[in-house]
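Colleague: Please take me closely through the empty space in this model, beginning with what surrounds it. I would like one connected account, with the neighbouring backbone and packing brought in where they help me to read the picture.

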Amino acid sequence: MTAPRTTTTRTFAARTQGNESVIHDPLTGLSHRASTALGSGRVRLSGTDVGSWPEIHPAAVHADVPISVCWSPLVRCNLACPYCLDDKSVLELGRAERYRIANLLAESALLGVDISGGEPLLLRDLPELIDVLVAGGCAVSVTTNGTHLARRAEALAARVDAVRVSLDGPDAERHDRWRGAGSFDQAIAGIRAAIAQGIPTQIQAVLLRSTARVSIRAMVALAAPLGVSGVTFLQMLPIGEGAAMADDEQLTDDEALALLAELSSTADVPVRLRTREAAGGFTVIRADGQIWRNQPGAHAISSLHPLRTTSDLALTARDGSA
């Protein structure tokens, strides 16, 4: 569970508490503690330095609001992944309401916002929404299936702090089985375009019982030649579309940790596992403007209330990890 290795500086978000700072990494979604005061808001730091600082779970910060959230401003997607976390019955807010949500997130004390979906690159005004968040001091990442990334990478490059591209396999045969013909080649082209534009880029992959044992090593082997900064494996959550396949495809956290134990020390790029336990309590703002939080253990998600003011983001239970 190491942070990306890089000698260049990139953007993080910091919150100073006394003589220490909490650092949010938009590339990995991880939080770190630095034994120095770095100020608050967006900061340029060496990825190597941040990776050497202790990783902390967001709940250990004891903040009033989450360290980071996932914002899904749309439900629409050009693919149909069978484990999608989104609720397809949710209605999407209009343009004016999207900007209202973006401004509320920017005005809050959040350190990070990951824009997801649906497929966020289908939003024409995505660059402008990112601008709002960045102006408020947030570190911003975009999680995408990558199929539209090649054509939008240039517009994102001057704005977004990181891109996370979802892959289901290390080649077209294994990836396209889940996402459709041609989707692997488009995603790889998107990754290359993002890296060419200087965007810190990471691969994300959902662990499925039927594929994990034969594909995780190949997925990591694919990462280094592409030039991505790391690979994050996500435990499948039995939420949204994924609830229907949980019994057959869900690994326990212990099984997932065992699968990745050797890779974490031998891979050419940093490898991370986001367990279900760590995801418990993580906050999601869905396309209808409602705040949702994963239940403990992330075996379900609960709707709380609409996001109308920044106070609606207040934590009432343990914060969760991205």
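**The largest cavity and its surroundings**

Modeller: The strand to start from is β10, which with three residues provides the largest share of the lining of the largest cavity. Please keep in mind throughout that this is a predicted model. Rolling a probe the size of a water molecule over the atoms shows where empty space is left. With a lower limit of 30 Å³, four cavities are counted here, and the largest of them has a volume of about 820 Å³.

Around that largest cavity stand 40 lining residues, and those nearest its centre are Leu85, Ser116, Gly117, Thr143 and Leu234. Besides β10 (201–207), the strands β8 (139–144), β9 (162–166) and β11 (231–235) each bring at least two residues to the lining. Two of the residues nearest the centre can be placed on these strands, since Thr143 falls in the stretch of β8 and Leu234 in that of β11. In character the lining of the largest cavity is mixed, with 20 nonpolar, twelve polar and eight charged residues.

Gly117, one of the residues nearest the centre of the largest cavity, also deserves a look at its backbone. The peptide bond that leads from Gly117 to Gly118 is cis, and its omega is near 15°. Gly118 itself sits in the loop that runs between β7 (112–115) and α3 (126–135). Most residues other than glycine have a negative phi, and most peptide bonds are trans. A further backbone feature to check is His62, a residue other than glycine whose phi is positive, near 55°; His62 belongs to the loop between β5 (55–56) and β6 (68–71).

β10 also leads to the second largest cavity, where β10 and α7 (209–226) each contribute at least two lining residues. This second cavity has a volume of about 80 Å³ and a lining of 13 residues, with Asp168, Ala205, Val206, Thr211 and Ser215 nearest its centre. Here it is α7 that gives the most, with five residues. The lining of the second largest cavity consists of ten nonpolar residues, two polar ones and one charged one.

An open space can be set beside these cavities, namely the second largest pocket, which holds about 200 Å³. It is lined by 13 residues, and Gly281, Asn294, Pro296, Ala317 and Arg318 are the closest to its centre. The strands β14 (290–294) and β15 (301–306) each add at least two residues to this lining, which by class is made up of three nonpolar, seven polar and three charged residues.

For the packing, consider a pair of helices. Two packed helices are described by the angle between their axes and the distance between the axes. Helix α4 (residues 149–157) meets helix α6 (residues 183–196) at an angle of about 20°, and their axes lie 8 Å apart. Because angles under 35 degrees count as roughly parallel, α4 is roughly parallel to α6, and their crossing is right-handed. From α4 the contact draws on Leu149, Ala150 and Ala153, while α6 supplies Ala189, Gly190, Ile191, Ala193 and Ala194. By class, the contact between α4 and α6 has seven nonpolar residues, one polar residue and no charged ones.

Methods
Residues numbered from 1 in each chain as written. Predicted model: local features only at pLDDT ≥ 70, side-chain atom pairs only at ≥ 80, totals over all residues. Heavy atoms only, no water. 1 Å grid on protein atoms, 1.4 Å probe; cavity = no way out; pocket = protein on both sides within 12 Å on 5 of 7 lines; lining within 4 Å. Points joined across faces, edges and corners; volume = space filled by probe spheres on them. Helix = DSSP H or I, 4+ residues; strand = E, 2+ residues; numbered from the N terminus. Nonpolar A, V, L, I, M, F, W, Y, C, P; charged D, E, K, R; others polar. Axes fitted to C-alpha atoms, helices over the stretch in contact; angles between N-to-C directions. Parallel < 35°, antiparallel > 145°, perpendicular 65-115°, else oblique. Left-handed = near helix turned anticlockwise from the far one by under 90°. Contact = heavy atoms within 4.5 Å.
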